[in-house]
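Trainee: Please take me closely through one part of this model, beginning with the backbone of a single loop residue, and then connect it to the rest of the fold, keeping the reasoning explicit where burial or geometry is concerned.

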Amino acid sequence: MRGSSSSSRASPSGLHPNEERAAEIGRALATPGLVEHMTEIDPQMPAVRRVLERLGFVDGALYIVGVSLLSYMLSERGEKHWELAASYADTPFSDALLRFVAESRSLAKFREARLRRAKAYVNVAPRLRGLLLAGEVDLDLFFRRLLEATGGSRESKTIAFAVKMLYYACRAAGVRAVGGWEVPMPIDFRVSLVSLTSGMITGWSCSQNLLGLASELRSSWRGLLVSLWRRAAAEAGASPLVLDSVVWVAGGCIEDSLRGRGKPENCALALAPGRQELQRALSELWRELEKC
């Protein structure tokens with residue numbers, strides 16, 4: 001696997017990557033209508049629509065990207081965080097963003113550091129505006145320009161996530177978005193968890209704490225997970241940031257089941273009621289968990 005020299009080595013926890021399983025997952029996620037359905041039911045999408053209703057596409061997208069860059073180590077679940085973000089959306093977007101960072105309970109941790117980051121983004125946002133005024137938005141070009149403007153790393157999870165949320169804004173506004181293949185999968189806790197429960201990462205047992213393993217995986221194997229999900233994306237024919245829509249929403253349901261708030265087999269019914277073909281595809285994301 002390109003760029004993953006550690007892929008043949010076991011981790012300290014005895015975990016191993018399974019490239020063929022990653023390809024199988026990609027083929028399952030290629031099920032027609034699945035990505036579109038999961039994008040629309042993502043709890044973050046209503047928040048995106050509310051922001052765009054208040055600010056329009058360009059300023060709304062800039063606000064959404066700004067919020068995304070600050071969306072780490074949250075004090076609330078991601079869904080609640082985005083509801084709060086939408087409630088602060090106003091013109092000018094820059095003032096609204098700074099006010100959100102200063103006041104939101106979801107950003108209580110590291111608030112001063114977030115404020116500095118938000119102010120830096122507000123200063124460079126005018127350089128990004130022109131990329132949103134064309135008839136279509138090139139997600140890869142926006143990714144590169146955002147990296148340049150913020151001095152971020154190509155491996156930054158928050159920058160990748162920001163481009164994913166820009167894709168949501170484009171979808172909600174009916175603006176054509178192209179590209180996205182340069183953007184890595186935003187590796188967070190849920191993506192790490194799904195990497196385990198799907199069998200993309202093997203070597204764990206049912207007696208282990210999967211939530212703890214997912215946290216370990218997120219911090220220690222990020223590059224490897226990016227490569228595995230690129231393999232899945234290639235098989236699915238959809239960019240990693242688009243596949244993240246499926247993985248993140250399903251990961252929330254899987255997390256709830258592991259925390260005693262349901263059974264994993266009920267996730268398919270909850271996420272795609274009445275859509276058996278989508279349910280079968282989604283069940284691949286927690287196939288190994290059902291064996292426990």
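Mentor: Phenylalanine 110 is found in the loop between helix 6 and helix 7 (111-129), and, in what is a predicted model, this residue has a positive phi of about 55° although it is not a glycine. Its side chain is neither buried nor fully exposed: phenylalanine 110 counts as partly exposed because its relative accessibility is 48%, and the exposed class begins over 50%.

A second residue can be read alongside it. Methionine 73, in the loop between helix 4 (57-69) and helix 5, likewise has a positive phi in a residue other than glycine, near 50°. With a relative accessible area of 51%, however, methionine 73 is over the 50% cut-off and is therefore classed as exposed. A positive phi also follows helix 12, where glycine 237 has a value near 70°. Helix 12 itself covers residues 222-236, and its 15 residues reach 21 Å from the first C-alpha to the last, close to the 21 Å expected at 1.5 Å a residue. Its buried residues are Arg222, Leu224, Leu225, Val226, Ser227, Leu228, Trp229, Ala232, Ala233 and Ala236.

Another backbone feature lies in the loop between helix 5 and helix 6 (93-103), where proline 92 is found. The peptide bond that joins threonine 91 to proline 92 is cis, with omega at about -10°.

Helix 5 then leads to the aromatic residues, of which the structure holds three pairs. In one of them, the ring centres of tryptophan 82 and phenylalanine 161 are 6.2 Å apart and the planes stand at 70°, so the pair is edge-to-face. Tryptophan 82 belongs to helix 5 and phenylalanine 161 to helix 9, which makes this a link between distant parts of the chain, 79 residues apart. The two residues are assigned to the buried class because their relative accessibilities, 2% for tryptophan 82 and 10% for phenylalanine 161, are under the 20% cut-off.

Helix 5 and helix 9 also meet in the description of the largest pocket, which has a volume of about 730 Å³. Of the 24 residues that line this pocket, the closest to its centre are Leu74, Lys157, Asp188, Phe189 and Arg218. Helix 5 (78-88), helix 9 (157-173), helix 10 and helix 13 (240-258) each supply at least two residues of the lining, and by class that lining has nine nonpolar, four polar and eleven charged residues.

Charged residues can next be followed through the salt bridges, of which the structure holds 24. Side chains of opposite charge can pair when their charged atoms come close. Glutamate 79 and arginine 77 form one such bridge, with their closest N and O atoms 3.6 Å apart. The two partners are not in one exposure class, because glutamate 79, at 15% relative accessibility, counts as buried, whereas arginine 77, at 37%, counts as partly exposed. Arg77 and Glu79 are also linked with Arg190, Glu255, Asp256 and Arg259 in a network of salt bridges.

Elsewhere, the side chains of arginine 176 and glutamate 136 meet in a salt bridge at 2.9 Å from N to O. Arginine 176 lies in strand 3 (residues 176-178) and glutamate 136 in strand 2 (residues 136-138), so this contact ties together parts that are 40 residues apart in sequence. Arginine 176 counts as exposed at 54% relative accessibility, while glutamate 136 counts as partly exposed at 36%.

A further bridge joins arginine 144 and glutamate 182, whose closest N and O atoms are 2.6 Å apart. Arginine 144 is part of helix 8 (residues 139-150), and glutamate 182 is in the loop between strand 3 and helix 10 (189-197), so the pair ties together parts that are 38 residues apart in sequence. Here the two partners do fall in the partly exposed class, with relative accessibilities of 29% for arginine 144 and 28% for glutamate 182.

Definitions and conventions. Residues numbered from 1 in each chain as written. Predicted model: local features only at pLDDT ≥ 70, side-chain atom pairs only at ≥ 80, totals over all residues. Heavy atoms only, no water. Helix = DSSP H or I, 4+ residues; strand = E, 2+ residues; numbered from the N terminus. Expected span 1.5 Å × (residues − 1). Buried < 20%, exposed > 50% of the residue type's maximum accessible area, 1.4 Å probe, protein only. Salt bridge = Lys/Arg side-chain N within 4 Å of Asp/Glu carboxyl O. 1 Å grid on protein atoms, 1.4 Å probe; cavity = no way out; pocket = protein on both sides within 12 Å on 5 of 7 lines; lining within 4 Å. Points joined across faces, edges and corners; volume = space filled by probe spheres on them. Nonpolar A, V, L, I, M, F, W, Y, C, P; charged D, E, K, R; others polar. Phe/Tyr/Trp six-rings, centres within 6.5 Å; stacked < 30°, edge-to-face > 60°.
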